[in-house]
Amino acid sequence: MVVAFIILGVIAILSGAAVFWVDSMARATYALALSFIAVGVQVLFLSQNYVGVVTILMMVMEMAIMAVYMVMFMGMNPALMPMSMVHSKKASLVVAIITFVVLTAGILLIDWPSRRGAPAADVTAALGEALMSNKMLVMAVISPVMVATIVAGISLAHHRTRYDRFGDDLKQPARDPQPGGVGR
């Protein structure tokens with residue numbers, strides 16, 4: 001179990017770093033998904049089943065949706081075209097090193113408080129209650145509103161539709177207002 005946990009940690013770190021090594025948005029998306037899956041499985045090893053499963057499900061769905069939108073709006077070729085995922089390389093490297101040093105110093109130098117009390121009998125249930133107890137109704141209402149907002153935003157932002165390409169009856173191609181569209 002310890003060996004598997006360490007291997008998952010290495011996979012999470014390497015695939016997270018691969019987001020900046022690979023040369024396309026699609027590959028970076030899948031590398032990030034792999035990193036989150038590895039972390040989610042590690043959380044499962046810590047007996048936090050709910051948090052681990054939710055982490056895996058949320059991140060896989062998020063990365064899948066991102067990949068679908070990349071292909072939908074960019075086409076498969078631009079999503080796989082070489083590009084740099086790092087901007088301002090020198091400045092970002094300096095910021096990353098400073099952040100790492102400060103966080104590491106905080107971990108090693110701060111006098112951490114000792115535990116008071118005992119953990120709950122079911123830590124997962126206690127965590128879920130702490131996270132969602134008074135917010136569950138809000139989340140249940142906001143979730144469909146967010147989905148509707150995303151769909152409406154995409155519908156409004158995407159100026160070409162199937163009606164532009166195929167006409168009102170959708171049976172035969174109409175004059176495409178933007179040359180180079182579907183079927184050309």
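What follows is a walk through the fold, surface, pocket and a few individual residues of this predicted model. Because the model is predicted, local features need pLDDT of at least 70 and side-chain atom pairs count only at pLDDT 80 or more, while totals for chains, interfaces and linings use all residues. Numbering starts from 1 along each chain as its sequence is written, and side-chain values use heavy atoms, with hydrogens and water left out.

The protein chain is built from eight helices and zero strands, where helices (H or I, at least four residues) and strands (E, at least two) are DSSP runs numbered from the N terminus. Along the sequence that reads simply as α-α-α-α-α-α-α-α. Of the 184 residues, 17% count as buried; here buried is under 20% relative accessible area, exposed is over 50%, and partly exposed is in between, with a 1.4 Å probe and protein chains only. Taking contacts (heavy atoms within 4.5 Å) between residues at least 6 apart in sequence, 51% join residues at least 24 apart.

On to the surface. The accessible surface of the protein chain is about 13800 Å², and 73% of that belongs to carbon and sulfur atoms; the areas come from the Shrake-Rupley method with a 1.4 Å probe, and for residues only the protein chains shown count as cover. A nonpolar surface patch is formed by Val2, Ile6, Val10, Leu14, Phe20 and Trp21, with about 670 Å² of accessible area together. Patches take residues with over 30% relative accessible area and no salt bridge, joining like charges within 9 Å and nonpolar side chains (Val, Leu, Ile, Met, Phe, Trp, Tyr) within 5 Å. A salt bridge, in turn, is a side-chain nitrogen of Lys or Arg within 4 Å of a carboxyl oxygen of Asp or Glu. Val2 lies in helix α1 (residues 2–21) and is exposed, at 61% relative accessible area.

Then there is the pocket. The largest one has a volume of about 490 Å³. Its lining takes in 13 residues, of which Ile65, Ser143, Met146, Val147 and Ile150 are the closest to the centre. Two or more lining residues come from each of α3 and α7 (136–157), and α7 gives the largest share, eight residues. For the record, the search runs on a 1 Å grid over the protein atoms alone: a pocket is an open set of points where a 1.4 Å probe fits, with protein on both sides within 12 Å along at least five of seven lines, and lining residues have an atom within 4 Å of a point. Grid points are joined across faces, edges and corners, and the volume is the space filled by probe spheres set on them.

A few residues in and around helix α2 (residues 25–45) round things off. Ser35, in that helix, is buried at 10% relative accessibility; not counting residues up to four places away in sequence, Ser35 touches Ala12, Ser15 and Gly16. Val39 also sits in α2, but is partly exposed at 32%. From Val39 to Thr55 the C-alpha distance is 8.1 Å, with their positions 16 residues apart in sequence. In the loop between α2 and α3, Ser47 has a phi near 65 degrees, a positive value in a residue other than glycine, and Ser47 is exposed at 52% relative accessibility. Finally, Tyr50 belongs to helix α3 (residues 49–74) and is partly exposed at 47%. Tyr50 and Thr124 are 74 residues apart in sequence, yet 6.5 Å apart in space, C-alpha to C-alpha.
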